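Please open the structure in a viewer and keep the sequence alongside. The tour below moves from the whole chain to single side chains.

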Amino acid sequence: MADETYVNVPGVNADAQKLAEAVRRFQGSLDELKAALQTDDKCWSDDEIGAEFEKNYKSAADKVTDALEKTGKNLLSVAEKTLPDSARLLQEQDDCNAEGIRAAGAYLYQEPPPDTKS
């Protein structure tokens, strides 16, 4: 027999909203960072040293900001969809399982299943 699993659906939903708010703040900060990087673009010299700096810096900076942007989008998806959907599905499954147990008990004791719909 498995240990009991408990899911606090309202708690999951509240925490998912908090996560979504934090992710939106993160995305706002990332937008500010990208704007600052864009403003400072080409602030180095155009000599050989500047060209070498740009070659190494620009591609690395773009990769980091792209990765951070993808991370934000994925976390927002988890907060807005995955967590609430998972909690809801677990609750629905638990409700379905409980109904099956009630019906089986009623059948065993030859009683009509209790009306659980309210």
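A salt bridge is counted where a side-chain nitrogen of Lys or Arg lies within 4 Å of a carboxyl oxygen of Asp or Glu. With that cut-off, Glu69 and Lys73 form a salt bridge, their closest N and O atoms being 4.0 Å apart. The model is a predicted one.

**The whole chain**

Begin by displaying the entire chain as a cartoon. The chain contains two helices and zero strands. Its radius of gyration is 26 Å, well over the 13 Å that the globule rule gives for 118 residues, so the chain is more spread out than a compact globule. Turn the view along the principal axes: the C-alpha trace spans about 90 × 25 × 15 Å.

Next, show the surface. About 9400 Å² of the chain is exposed, and carbon and sulfur atoms supply 57% of that area. Of the 118 residues, 12% count as buried. Among contacts with a separation of 6 or more, 67% are made by residues 24 or more positions apart.

Now colour the side chains by charge. There are 14 positive and 24 negative side chains, and the centres of the two sets lie 3 Å apart. How many salt bridges does a search of the whole structure find? The search finds ten, and several of them are visited below.

**The start of helix 2 and onward**

Select residues 48–108, which make up helix 2. Within this selection, pick Glu52 and Lys55, which are three residues apart, about one turn of the helix. These two form a salt bridge whose closest N and O atoms are 3.2 Å apart. Glu52 is partly exposed, at 38% relative accessible area, while Lys55 is exposed, at 52%.

Then select Phe53, also in helix 2. Is Phe53 buried or partly exposed? Phe53 has a relative accessible area of 42%, and therefore counts as partly exposed. Once neighbours within four places in sequence are left aside, Phe53 is in contact with Trp44 and Lys58; display both side chains to view these contacts.

Continue to Lys63, another residue of helix 2. Lys63 is exposed, with a relative accessible area of 61%. Add Phe26 to the selection and draw a line between the two C-alpha atoms: Lys63 and Phe26 are 17 Å apart in space and 37 residues apart in sequence.

**Returning to Glu69 and Lys73**

Select the pair with which the tour opened. Glu69 and Lys73 both belong to helix 2 and sit four residues apart, about one turn of the helix. Glu69 is partly exposed, with a relative accessible area of 27%. Lys73, by contrast, is exposed, at 52%.

**A network of charges**

Finally, select Lys81 and Asp85. Both lie in helix 2, four residues apart, about one turn of the helix. Their side chains meet in a salt bridge of 2.6 Å, N to O. Which residues are joined into one network by salt bridges that share partners? Lys81, Asp85, Arg88 and Glu92 are joined in this way, and selecting these four together displays the network. Within the group, Asp85 counts as partly exposed, at 22% relative accessibility.

Terms used: Residues numbered from 1 in each chain as written. Predicted model: local features only at pLDDT ≥ 70, side-chain atom pairs only at ≥ 80, totals over all residues. Heavy atoms only, no water. Rg over C-alpha atoms; globule rule 2.2 N^0.38 Å. Buried < 20%, exposed > 50% of the residue type's maximum accessible area, 1.4 Å probe, protein only. Contact = heavy atoms within 4.5 Å. Areas by Shrake-Rupley, 256 points an atom, 1.4 Å probe, with all protein chains shown as cover. Lys, Arg positive; Asp, Glu negative; His and termini not counted. Charge placed at Lys NZ, Arg CZ, Asp CG, Glu CD.
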